[in-house]
Each structure stands twice: as C-alpha cells, then as structure tokens.
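Thanks for sharing this one with me. Here are my notes, written as numbered points so that you can follow along in the viewer.

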Amino acid sequence: MPNPMHILVNDFAIRSFRETADKDYIAARMAYRARLFPPFLWSALHCLEKYVKGILVLNRVKAHRGHSVLPGIERMKQHGKFELDLSADTVQFIRKLEDYGAEYRYYEVSYETRPFDIIRLDRAVWELRRYCQPLDYDIVDMSGKTVNLLTLELDRVHRAKANNAKGTCVMGGILEKIIEKKDHPAREALIWNNLFLGPSRRKGVKMQSSWESGNSPFFLHPEIIDEVLKYVYIPRDIAEGVRQFAKQKAVEEAKAERDANKAAKAAAKQSGKTG
C-alpha cells in the first residue's frame with residue numbers, strides 16, 4: 001500500500017532540508033574551529049535557512065525564495081499554526097548573518113565575525129531545529145477518537161527549552177545518530193565545545209576569542225565593478241550598490257583633493273608673508 005501524500009511530503013522536508021541543514025551545521029563548526037570564517041558564515045546561514053524552510057514545508061506554508069532566514073520566520077508567524085519561540089540573541093545573530101551578506105560566496109561584500117559566534121550558532125540551531133519535525137498530526141486514541149497532538153508536541157519542545165535540556169527534542173535525526181556513534185568521523189566536530197548538543201553536561205567551555213573582518217574588493221576599489229561584470233556574474237543589487245558607492249567615493253576624494261589644494265595654497269601664502 002503506497003504511503004499517503006502527507007507522509008511523503010514530510011519525508012521530503014526532513015531529508016531535503018533538515019538533514020542537509022544538519023550537515024551544513026557541522027561544516028560550519030569545522031570551519032570556525034579552523035578559523036575559516038567566511039565559510040563558517042556561509043554554512044551557518046544556509047544551515048538556519050534550511051531548518052526554517054523545513055519547518056514551513058512540514059506545516060504546509062509555502063517556503064520563501066533565497067537564502068535568508070528571517071522572512072521565513074515571519075512567514076511562519078503570519079501563516080503558520082504557531083510562532084517560533086526564539087531568543088533575542090538568536091534573532092540578532094541571524095540578522096547579522098543576513099546584513100553582512102553571508103549568502104554571497106565570492107567576496108562581493110565585506111564580512112565580520114564576533115568573538116564566540118560559534119556559541120551563537122549553536123544556540124540558534126538548538127532553538128530552531130526543535131520545530132523541524134512533524135508536530136501537527138493526528139492519532140486515534142483507545143476510544144477510537146481522533147486527537148490532534150500539536151498542542152502537546154509544542155508543550156514538549158517548549159518545556160525542554162525552558163529547562164535548558166540538551167538536544168532539540170528530535171528523535172533519530174542526523175545529529176542524534178552522529179552523537180550516538182562514537183567512531184563517526186563528524187562526531188568530534190559536532191560536540192567540540194558544544195553546550196547545546198552532545199553527551200557532555202558542562203555549563204561552560206574555554207575557547208580562544210576569535211574575531212575577524214575583511215573588506216570586499218568592491219569596497220576597496222568600487223570603480224572596477226563594470227569591468228568585472230564583463231567576465232563574471234554579480235547580483236544586480238550588489239552591482240548597483242557598488243556603482244553608487246563608487247560615485248560617492250569619487251565625490252569624497254575630489255572634495256578631499258580640493259580641500260588639500262586649498263590648504264596648501266593658504267600655507268604657501270602664509271609662508272610668503274612671513275618669509
């Protein structure tokens with residue numbers, strides 16, 4: 001007997017979004033530990049984006065396009081059956097990923113990381129991933145009555161979060177299987193200094209405070225944009241922003257040159273008077 005369509009769609013959401021997000025999450029942690037911060041930001045954003053899209057599909061809300069996260073969270077709030085309970089720190093971390101253009105792979109925009117961003121990612125995954133599972137479903141109880149379990153399931157995941165329980169209340173997911181399998185090659189990367197997932201009951205961790213930023217070539221030399229466009233694709237909004245920045249920079253440089261010339265003439269005139 002073929003599986004009902006709703007089961008197949010749920011399977012799609014879990015395999016295509018949650019399971020790929022789990023792997024992006026581990027890749028992000030590996031990149032952070034190796035101090036490869038742009039790949040960390042890229043993988044972190046894609047990880048959170050996929051969890052949100054998985055949540056939307058599981059709850060039959062049309063997923064948004066692109067690699068952003070906050071629009072999907074807002075879509076769930078507006079059209080879903082419940083609202084995602086996220087801390088202000090997690091929302092701020094997601095907004096920073098989006099504002100600093102973590103979705104861009106080719107250094108189109110500048111980037112910045114803050115100390116302990118890996119902890120912020122761990123918390124974001126801990127908060128979001130618990131919703132990326134079937135929560136709204138029916139069962140038939142012993143009396144033959146159909147009962148919807150959404151309220152009970154939400155209570156389960158919210159109580160676990162309120163109690164700061166390790167894990168995300170997901171049973172049999174990729175992360176859970178990796179944690180259980182002690183010889184799994186990804187296990188160390190997943191549980192390293194992880195306060196939210198894994199077998200450790202530590203309340204704190206020690207790690208090096210790592211911070212890094214980098215200026216995009218388009219920030220340093222925006223005048224190259226149209227020449228570069230002859231050879232590679234740059235998103236239209238980025239290209240237009242770079243053009244506007246190039247114009248602004250040219251105006252500022254011209255003004256600085258005029259001011260410098262004016263100051264030099266004034267100095268020369270004053271020197272002539274005193275000579």
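**Notes on the model**

1. Let's begin with a single residue: Ala 27 lies in helix H1. Its relative accessibility is 32%, so Ala 27 counts as partly exposed. Now look for Leu 190, which is 163 residues away from Ala 27 along the chain. The C-alpha atoms of these two residues are separated by 8.8 Å. Please keep in mind throughout that this is a predicted model.

2. Stay on helix H1, which covers residues 5-33, and find Arg 29. Is Arg 29 buried or exposed? With a relative accessibility of 1%, Arg 29 counts as buried, because the cut-off for that label is under 20%. Setting aside neighbours within four places in sequence, Arg 29 is in contact with Ile 118 and Asp 122. Its other contacts are Ala 189, Leu 190, Ile 191, Trp 192, Asn 193 and Asn 194. Leu 190 may look familiar, as it is the partner of Ala 27 in the C-alpha distance of 8.8 Å.

3. Another arginine of helix H1 is Arg 18. Arg 18 is buried too, with a relative accessible area of 5%. Which residues does Arg 18 touch, not counting those up to four places away in sequence? They are Ala 13, Tyr 51, Arg 129, Cys 132, Gln 133, Val 170 and Gly 173. For a long-range distance, try Arg 18 to Ile 225: the two are 207 residues apart in sequence and 37 Å apart in space, C-alpha to C-alpha.

4. Next, a word on backbone angles. Most residues other than glycine have a negative phi. Arg 35, in the loop between H1 and H2, has a positive phi of about 60° although it is not a glycine. Arg 35 is partly exposed, with a relative accessible area of 38%. Cys 169 also has a positive phi, near 65°, and is a residue other than glycine. You will find Cys 169 in the loop between helix H6 (150-162) and helix H7 (174-180). At 18% relative accessibility, Cys 169 counts as buried.

5. Now turn to a pair of helices. Two packed helices are described by the angle between their axes and the distance between the axes. Helix H2 (residues 37-58) and helix H5 (residues 117-128) pack at an angle of about 10°, and their axes are 10 Å apart. Angles under 35 degrees count as roughly parallel, and H2 and H5 are therefore roughly parallel to each other. On the H2 side, the contact is made by Phe 40, Ala 44, Cys 47, Leu 48, Tyr 51, Val 52 and Ile 55. H5 contributes Asp 117, Ile 118, Leu 121, Ala 124, Val 125 and Leu 128. Sorted by class, this contact has 12 nonpolar, no polar and one charged residues.

6. One member of that contact deserves a closer look: Val 125, in helix H5. Val 125 is buried, with a relative accessible area of 0%. Leaving aside neighbours within four places in sequence, Val 125 is in contact with Tyr 25, Cys 47, Leu 48, Tyr 51, Thr 168 and Leu 197. Val 125 and Gly 167 are 42 residues apart in sequence, and their C-alpha atoms are 9.7 Å apart in space.

7. Back in helix H2, have a look at His 46. At 7% relative accessibility, His 46 counts as buried. What does His 46 touch, not counting residues up to four places away in sequence? The partners are Asp 24, His 67 and Glu 103. In contrast to these contacts, His 46 and Ala 267 are 57 Å apart in space, C-alpha to C-alpha, with their positions 221 residues apart in sequence.

8. Finally, zoom out to the whole protein. There are 11 helices and four strands. Why is the protein described as more spread out than a compact globule? The radius of gyration is 25 Å, well over the 19 Å that the globule rule gives for 275 residues. Along its principal axes, the C-alpha trace spans about 105 × 40 × 35 Å. Of the 275 residues, 40% count as buried. The protein exposes about 16,300 Å², and carbon and sulfur atoms supply 56% of this area. Among contacts with a separation of 6 or more, residues 24 or more positions apart account for 65%.

Methods:
Residues are numbered from 1 along each chain as its sequence is written. This is a predicted model: local features need pLDDT of at least 70, side-chain atom pairs count only at pLDDT 80 or more; totals for chains, interfaces and linings use all residues. Side-chain values use heavy atoms; hydrogens and water are left out. Axes are lines fitted to C-alpha atoms, for helices over the stretch in contact, and angles run from 0 to 180 degrees between N-to-C directions. Helices (H or I, at least four residues) and strands (E, at least two) are DSSP runs, numbered from the N terminus. Angles under 35 degrees count as roughly parallel, over 145 as roughly antiparallel, 65 to 115 as roughly perpendicular and the rest as oblique. Contact means heavy atoms within 4.5 Å. Ala, Val, Leu, Ile, Met, Phe, Trp, Tyr, Cys and Pro count as nonpolar, Asp, Glu, Lys and Arg as charged, and the others, Gly among them, as polar. The radius of gyration is taken over C-alpha atoms; the globule rule is 2.2 Å times the number of residues to the power 0.38. Buried means under 20% relative accessible area, exposed over 50%, partly exposed in between (1.4 Å probe, protein chains only). Accessible areas come from the Shrake-Rupley method with a 1.4 Å probe; for residues, only the protein chains shown count as cover.
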